[in-house]
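Grab a coffee and work through these short exercises with the model open beside you. Each task is followed by a solution that goes step by step.

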Amino acid sequence: TTADFAVKTHIWTDDWQVHHLIEGSDDERKHKKLLEAIGSMGGRKRKKQNERSEASVQVSEYFVNAEGTGDKVNLSDLLGTVEKTSGASNKTKKQLRNLQSSKETLELPLNKQQTEKVSAEFSVQLLVSCWKNIILQNQKAEQMVFPLNQESSGPKRVEQVVAGWKVQTPLEQEIFRLLHGSRQPVNDPVLTPVEEQSLKAMSLEEAKIRRAELQKARALQSYYEAKAKREKKIKSKKYHKVQNKAKRKDFLKQFDEMVKTNPEGALEELKKMELSRMEERMSLKHQNSGKWAKSKAIMAKYDDSARKAMQEQLQMNKDLTQKMVVPSDDEHESIEEGLETVPDFVNDPETVIDPVNPWMRGQLTHEEPEVSCVTAEEVQTAEEENEEEEIIGEFERKRKLRQVVEEDVVEVSDKEEEDEDEEEDVSEFNTLFRLMRSEKTREGSNQTRGGLNTAGEEDEEGLLSEGQIRVRSIEDLEVLDEVVEPRAIEEPSAPQTAAAEATSEPPHKKKREINLKEVLTKEAKAVRLPFLPTVVDEEERDEQISIIKEAFAGDDVISDFIKDKSRQEAAGRPAVVDLTLPGWGEWGGVGLKPPRWKRKRFRIKTAPPPPRQDQKLPDVIISEKRTASVASHQVSQLPFPFQNTAQFESSIRTPIGSTWNTQTVVKNMTKPKVVTKLGAIIEPMVKEDFIKSKTTALWLLEIGHKKFVFSVLGIVGLHVNSCAFCL
Amino acid sequence: MAAVTPEVLTSTHVEKMKKKKLPKRYWEETEKTDQSQRRPEEEQGKAGQNQNKSTVKEKSLKRKNGESLEKKDPFPGEAPIPQKQLQKFQRGKKCKVPAGARERLKEAIAISEAMSEHAQKQAARYDLLLPEDAGFLEGDEDEDTNTISQADIADAVDITSGSKYFNLHLSQFGPYRLDYSRTGRNLLVGGKKGHVACIDWQTKDLKCEMNVMETVNDVNSLCTLRSASRWLHTEAMFAVAQKRWLYIYDSKGVELHCVKKFNDVLRMQFLPYHFLLATASATGFLQYLDVSIGKEVAAICTKMGRLDVMAQNPHNAVIHLGHPNGTVSLWSPNQKESLVKMLCHRGAVRSLAVDKTGTYMVTSGLDRKLKVYDIRAFKPLHSCFLPAGASCLSLSQRGLLSAATGEIVQVYQNVLGSNPVSKPYMAHRLRGQIWGLAYCPFEDVLGIGHGEGFTSMIVPGAGEPNFDALDTNPYRSHKQRQEWEVKALLEKVQPELIGLDPGQLSKVDQASFEQRHKEQIEALGFDPLAKDKFKPRTKKKGRSSAGAIEKRKRKVAHEDQRDEIRQSVQERTEREKELKEKSNEKKLGNKSTLDRFRK
């Protein structure tokens, strides 16, 4: 059939030529219509074809066609000379080559809504992140004094008073205008304020911080984009339907909220809705007037589903004309032509680049001083970014120019087409640009990976070297062994006393008993007295008797004590649980003992308790009972930052009471976490409370700027990270 | 700038030269600093008109030239604190920040460490405000201090101190027990036969005197003051353990309470920071009375028979009881059984005393031995044999031990320590049998109650010379006393906190902590406090092979253990080095350089 079709067209074109020859170019329109009518009669939509004709009076670009060559235009055809020209930079050449070789279809940029959403989310994140540090700082602060930024009471220094003085009367104002109008330095002649400002404008660190932020923004953007793309790729109509519905609902909800919170925004939304409604009303889209609808209308008599579909369409129309917009992307049919067209900027001559100072090509570079002091690696990346920047800038300029030119020259062409074209172009560029960038980033990532690798190598080397240090000689190992062996516990030196000997007793029980006796009966040193008691009272005599008694009972005292102790020890020991069942699985009866294996298996021994505190003290019984009374006052859970009990205990080891400390220390240790001034209003914190330096203010300004860029680019459909202002 | 610096140099140079010759005066200083510049000026303005102007200029110049001209502080920074003093106020060990600690933990530790260090330093710095030193008695050559009689001492010292040696002849109402108030101002004596008197002993002012026998009817005429009378925390009240019940009187001798729950009390101890009156009875009960609320806190049946030997450990408020079977048991109101039981003597324990820091306990028994124990480790330090045995023991604030052997009071010095006692520091003979011994707080005075009355004896070096005026102020006024009372009540320590370790409160309750931790592990399925396992980073280029990872893991394994070992090795080597050096020194010390000329 294709061959047949080709033949037909040939015939038709021939006919047309004949016609043309005969009737002239006046009736072109009529002919066209005729052709269309004929084409539609065939039932198949024919491709609109234009053919270059002979030179005629009216030259229109709409009659210019590449049909004649039969092939598509290649990039190399247009840029073949670039390879040969010496002026063009190698990079550009390479890029072009890459562009040529790439065969992938480029992805469309995000639609407006998605871009807006992304940008909004990101800006919120940025705003929140600037508070993070101050929150952390306040959490850590030992004391907070509210209201913030209080003026210190008491006498002030002269400088402070002078600095805080404000000009009030008109005379003063006049004088100060005269004095400070020139902005010339008065006291310190080294730098003018302008110069100082320019110096202070940005430090290296700030630049780094900002760069990091930008990178983060880019990354986030790309993630969101990828997500949106993935979702967009889903072909299921049902899915999209459901999603659209959900979106609509969501939007309605948001709108309701918006009405309350942000009436201006709501008004804007309303306007938008109005616009879309107008568009819907203008178009015939859902009015069942299309071909499909007509066919369905025929079917509707017999087919319920067809009827339903038509009703749905109508309902849709109703909804749209009444309420709001459905973001519909599938309005336009994809148009094949122009996919391979090349953006204009490619044709432009490359501006002369100073290899030493690549930053000069960019239009809006605020950060020249910053870049000048960054490291070599950064310079490279900055260069790349600048290139991007430059390209975009150029492109935009071109686009504007072209728009103007088009508007000037092409008045005849209908607007819709033009718009489409433009959009097409933009998307084209976007995809192309993205490709280029992705290549670059790939390069960059390769580089960074290489860097990482080297870093890793270094790390490894460091570790290795450390390991070498750790490896010890044999002597060291020996020393270690010795250390690991338990050292003999040094006994407290008590050389002569008998008591000291008691401590060095072996822990064996039987021996201990003997030793204990020894301890108690061993002769102690007698004390020489200046005067001995002369008179022995009756009581004294009584005492003597009791002494004798006690002496006889002495052995009992010791044995009693030992018995007591052994009893205590036994009470502390856990009992063995015997679960043997006599007669189970064997003969039972009186006098039969369960076998040994059974006893072994079914007697459950619990783990022995930790050694008693008085294990090594023969003449002491220390109670092992846990006192629960203190436990209720003790801390039983580790407070947050501490990882073990020792850390926490050492952190509270210093008492804070005035009994143990000097007055100042007590005050210092017990100062309240929050101090408020009586009667003062504590306002919520604002940025001015903690941002004083100009630099941070600048940073904030930038955030504002970024927001602006987001909104602008959201409309145009460009990438945020390709914004020339940001880099 | 280049123009300025040479000026500075020259000027300083000149100054230095001049300095050597003349003592500098403040008015001369500026003139000298820039003489080289001023010379022409001086020539011009010799008339004296210019003087003002020139000084102004000089000042400005001086400021410009900077600090080089100013005099430097010879002792910059804070005054150093001697290490010994710092050590005195050291509380616990410093905590080291663990290697892989979180940022918050590091901060917390750093803050607490800084704070405790600051507190320690400040305390050490203010230690200078306790300037008083304890006195002592020094004999002539080959003269024992224990032969110096009280009369001699009283004669030798100033009149006020001399008046602290006195006798109260109270032979009627039999052997006396005594107690000083916490500030050391007031003295309470109680005779066995019912005589109770409280005296401001320094002014010899009798505050109240009564015979309990007189206050009750003659049915109770046999009622004797059994054993003890005790000041409660203020001078306002005192408790008397009478034959059957415990009575509480006010300072005027008016009976306030008769506590019938506390019967047959033999001995009493008052825990001032807990407001607890601990009593030991003849029936073997140890009871605690909270005097701030008048409630019995605990009653413990010791099952040890008659309890007539009692002492308190001021460090941790644990009550020590001596028993006839030679044991000493330690008690807290929170436990029905004794915390610790030590076998100290072969015979019955006759007397007990615990020193102020809670480190040492001195016991005497019927076996006529005097033993000193380290009650932190429950180990005997040394013992000595007293021929007559000590019936009463008392430890002073500065660690002097007085022991009553029959009718002689002996005072020992340096008992608390590892060296054994050889002879008493002081001795004093009395008329009757000694019944009670007590040191007066913040005074070099030992009060002795005996059969013939009461004797106040001068013991140089007994009392603490520096008192804490916020805690116990001997010179406090009425108002101060009232304030102190309020504060003391506010800071009252609860009886639940009494235990062997007074620092128990500052420790984490390990048992419940572990229990809770176990539960947590069960609930979570992992240990939240466990150390993170070392996870080697993944590396590229084939260096993350299983073998390589294992190798890297092994490098880090047992790192903490290794650290410990390393540290101990280092310590040991250092110790060895020191020892070597010492031995070397010894060798060298024996051998002087001139030894080689010796034959």
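**Exercise 1: A sheet in chain B**

Task: Describe how strand 11 (residues 276–281) and strand 12 (residues 285–290) of chain B pair, then place them in their sheet.

Solution: Please keep in mind that this is a predicted model.

- Step 1. Strand 11 and strand 12 of chain B run antiparallel to each other, joined over five bridges.
- Step 2. For a landmark, look at Thr279(B), which stands opposite Gln287(B) of strand 12 of chain B.
- Step 3. Zoom out, and four strands of chain B make an open sheet in the order 10-11-12-13, with antiparallel pairing.
- Step 4. Strand 10 (265–271) and strand 13 (295–301) of chain B each have a single partner strand, so they stand at the edges, with one side of each left without a neighbour in the sheet.
- Step 5. From one strand to the next, the twist averages 20°.

**Exercise 2: A hairpin and an aromatic pair**

Task: Which residue is the bridge partner of His195(B) in strand 5 of chain B? Go on to the turn and to the ring pair of Tyr180(B) and Trp201(B).

Solution:

- Step 1. Strand 4 (residues 195–200) and strand 5 (residues 205–211) of chain B pair in the antiparallel sense, over six bridges.
- Step 2. The bridge partner of His195(B) is Asn211(B).
- Step 3. Four residues lie between the two strands of this hairpin, and Lys204(B) in the turn has a positive phi of about 55°.
- Step 4. Trp201(B) sits in the loop between strand 4 and strand 5 of chain B, while Tyr180(B) belongs to strand 2 (residues 176–180) of chain B, 21 residues apart.
- Step 5. The ring centres of Tyr180(B) and Trp201(B) are 6.1 Å apart and the planes are at 75°; planes over 60 degrees apart count as edge-to-face, so this pair is edge-to-face.
- Step 6. Over all chains, the structure holds eight aromatic pairs.

**Exercise 3: Helix packing in chain A**

Task: How do helix 10 (residues 237–261) and helix 11 of chain A pack, and which residues make the contact? Repeat this for helix 11 and helix 13 of chain A.

Solution:

- Step 1. The axes of helix 10 and helix 11 of chain A are 6 Å apart, at an angle of about 135°; these helices are therefore oblique to each other.
- Step 2. Helix 10 of chain A contributes residues including Phe251(A), Phe255(A) and Met258(A), and helix 11 of chain A contributes, among them, Ala266(A), Leu270(A) and Met273(A).
- Step 3. Sorted by character, this contact has eight nonpolar, two polar and two charged residues.
- Step 4. Helix 11 (residues 263–282) and helix 13 (residues 304–322) of chain A have axes that come within 7 Å and cross at roughly 140°. Angles over 145 degrees count as roughly antiparallel, and these two helices are therefore oblique.
- Step 5. Arg277(A), Glu280(A) and Arg281(A) of helix 11 of chain A meet Asn317(A), Leu320(A), Thr321(A) and Gln322(A) of helix 13 of chain A.
- Step 6. This contact divides into one nonpolar, three polar and three charged residues.

**Exercise 4: Confidence**

Task: What are the average pLDDT values of chain A and chain B, and where is confidence lowest in chain A?

Solution:

- Step 1. Chain A averages 67, with 51% of its residues scoring at least 70; chain B averages 82, with 84% at that level.
- Step 2. In chain A, helix 18 (residues 498–503) has the lowest confidence, a mean of 39, and strand 5 (residues 620–622) the highest, at 93.
- Step 3. In chain B, pLDDT stays under 50 over residues 1–19 and over residues 29–62.
- Step 4. Where pLDDT is low, predicted coordinates should not be read in detail.
- Step 5. The model scores ipTM 0.75 and pTM 0.55.

Definitions and conventions: Residues numbered from 1 in each chain as written. Chains lettered and ligands numbered in written order. Predicted model: local features only at pLDDT ≥ 70, side-chain atom pairs only at ≥ 80, totals over all residues. Heavy atoms only, no water. Pairing = 2+ DSSP bridges. pLDDT = per-residue confidence, 0-100. Axes fitted to C-alpha atoms, helices over the stretch in contact; angles between N-to-C directions. Parallel < 35°, antiparallel > 145°, perpendicular 65-115°, else oblique. Contact = heavy atoms within 4.5 Å. Nonpolar A, V, L, I, M, F, W, Y, C, P; charged D, E, K, R; others polar. Phe/Tyr/Trp six-rings, centres within 6.5 Å; stacked < 30°, edge-to-face > 60°.
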